[in-house]
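Grab a coffee and open your viewer: here are some exercises to work through at your own pace. Try each task yourself before reading the solution below it.

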Amino acid sequence: RMERALDTLEAEDLASQETLRRFLGRTRKLLGVDKFVLVDENGIVYTQRSTASGLSRYSFLAGELTGPTISTLNLYGAKKQAVLAIPVEGIFFQGAEIRVCFIHIDIDAMLSSLTLQTSGEETYYNLYHRSGEGLTNASFGRLQAGENLLSALKDADMEGLSYSQVEDDFAAGRPGRATFTYQGIREELCYIPVEGTAWMLAVLIRDNVINSQISSISATMIR
């Protein structure tokens with residue numbers, strides 16, 4: 001959708017900062033995102049309402065963008081946002097080439113169309129940053145929205161896989177599975193990385209779920 005939006009950019013939209021801002025505002029509304037942004041070769045960031053250097057706020061602008069990337073903004077705030085960026089070629093504005101296009105989108109809004117089925121409050125799904133910080137406003141078993149998953153696991157009675165191994169898996173973006181007892185309930189945690197992001201998709205399975213179902217749940221995670 002971002003590429004198709006750029007295809008509608010006309011010469012008159014690039015005539016001045018005012019016309020470019022109107023284009024960015026129209027496109028933002030059309031895509032239903034918080035921001036639609038262009039960045040030129042000098043690191044100047046163009047939005048509907050401002051023109052400024054964005055190197056300090058957007059770390060991915062420090063190097064050359066060679067493909068689509070997804071990062072997280074305001075990770076520890078109330079309104080977490082995903083930043084989806086793509087490289088751009090062949091567009092020039094005021095003598096400088098536009099190199100990057102990216103959008104801001106509220107993570108909860110982005111995931112609103114994703115249906116994650118649960119089974120009688122015995123199975124829970126959620127997305128986490130590799131730091132353990134939750135990316136949604138959903139609860140996860142006995143964890144309330146906003147609680148750090150890895151911090152909570154420090155208080156759990158781990159079986160087999162240790163807490164440090166789970167922490168290392170998250171940091172490295174490796175899939176894994178751990179069994180533990182938390183607040184008196186025995187649970188199984190399965191997690192896999194979300195490709196192209198620093199996110200982990202986690203599934204929490206209560207002990208009373210039949211063990212034979214775990215493989216099918218894992219297959220659902222991968223899909």
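The exercises below go from the whole chain to single residues, and the model behind them is a predicted one.

**Exercise 1. The whole chain**

Task: Find how many helices and strands the chain has, and what percentage of its residues count as buried.

Solution. Begin with the secondary structure: the chain contains 6 helices and 12 strands. Next, turn to burial, where 47% of the 223 residues count as buried. Then look at the surface: about 11800 Å² is exposed, and carbon and sulfur atoms supply 48% of that area. Finally, take the contacts between residues at least 6 apart in sequence; 46% of these join residues at least 24 apart.

**Exercise 2. Strand E1 and its partners**

Task: Locate strand E1 and work out which strands pair with E1, and in which sense.

Solution. Select residues 35-40, which make up E1. Of these 6 residues, 5 are buried, so the strand is largely enclosed by the rest of the structure.

Now look for the partners. Strand E7 (residues 96-106) pairs with E1 over 6 bridges in the antiparallel sense. One spot to check is Lys-35, whose bridge partner in E7 is His-104.

Strand E2 (residues 44-46) also runs antiparallel to E1, with 2 bridges joining them. Here Val-39 has Val-45 of E2 as its bridge partner.

Last, inspect the connection between E1 and E2. These strands form a hairpin with 3 residues between them, and Gly-43 in the turn has a positive phi of about 85 degrees.

**Exercise 3. Helix H2**

Task: Compare the reach of helix H2 with its expected span, then list what covers its buried residues.

Solution. H2 covers residues 17-31, which is 15 residues. From first C-alpha to last, H2 reaches 21 Å, close to the 21 Å expected at 1.5 Å a residue.

For the buried face of your list, mark Thr-19, Leu-20, Phe-23, Leu-24, Gly-25, Thr-27, Arg-28 and Leu-31, which are buried in H2. The cover over the buried residues of H2 includes helix H1 (2-7), E1, E2 and E6. Just after the helix comes Gly-32, with a positive phi of about 70 degrees.

**Exercise 4. Aromatic pairs**

Task: Classify the ring pair Tyr-46 and Phe-93, then do the same for Phe-170 and Tyr-191.

Solution. Two values are needed, because a pair of aromatic rings is described by the distance of the centres and the angle of the planes. A search of the whole structure finds 5 aromatic pairs.

Tyr-46 and Phe-93 lie 5.2 Å apart, centre to centre, with 85 degrees between the planes, which makes the pair edge-to-face. This pair links distant parts of the chain: Tyr-46 belongs to strand E2 and Phe-93 to strand E6 (residues 92-93), 47 residues apart. Tyr-46 has 6% relative accessibility and counts as buried; Phe-93 is buried too, with a relative accessible area of 1%.

For Phe-170 and Tyr-191, the ring centres are 5.1 Å apart and the planes stand at 55 degrees, so this pair is tilted. Distant parts of the chain are linked here as well, with Phe-170 in helix H5 (residues 163-172) and Tyr-191 in strand E11 (residues 185-193), 21 residues apart. Both Phe-170 and Tyr-191 are buried.

**Exercise 5. The surroundings of two residues**

Task: Describe where Thr-179 and Asp-169 sit and what each one touches.

Solution. Place Thr-179 in strand E10 (residues 176-182). With a relative accessible area of 13%, Thr-179 is under the 20% limit, so Thr-179 is buried. Leaving out residues up to four places away in sequence, its contacts are Asp-157, Met-158, Glu-159, Arg-186, Glu-187 and Glu-188. Within that list, the side chain of Glu-188 makes a polar contact with the side chain of Thr-179 (3.2 Å).

Asp-169 lies in helix H5 and is buried, with a relative accessible area of 11%. With the same sequence neighbours left out, Asp-169 touches residues including Arg-174, Tyr-191 and Met-200.

**Exercise 6. Positive phi outside glycine**

Task: Decide whether Asn-74 and Gln-94 are exposed, partly exposed or buried.

Solution. Asn-74 has a positive phi of about 60 degrees although it is not a glycine, and its place is the loop between strand E4 (69-73) and strand E5 (81-87). Its relative accessibility is 40%, so Asn-74 counts as partly exposed.

Gln-94 has a positive phi near 50 degrees and is found in the loop between E6 and E7. Its relative accessible area is 54%, so Gln-94 is exposed.

Key:
Residues numbered from 1 in each chain as written. Predicted model: local features only at pLDDT ≥ 70, side-chain atom pairs only at ≥ 80, totals over all residues. Heavy atoms only, no water. Helix = DSSP H or I, 4+ residues; strand = E, 2+ residues; numbered from the N terminus. Buried < 20%, exposed > 50% of the residue type's maximum accessible area, 1.4 Å probe, protein only. Contact = heavy atoms within 4.5 Å. Areas by Shrake-Rupley, 256 points an atom, 1.4 Å probe, with all protein chains shown as cover. Pairing = 2+ DSSP bridges. Phe/Tyr/Trp six-rings, centres within 6.5 Å; stacked < 30°, edge-to-face > 60°. Polar contact = N/O pair within 3.5 Å; in protein donor to acceptor, adjacent residues only side chain to side chain. Expected span 1.5 Å × (residues − 1).
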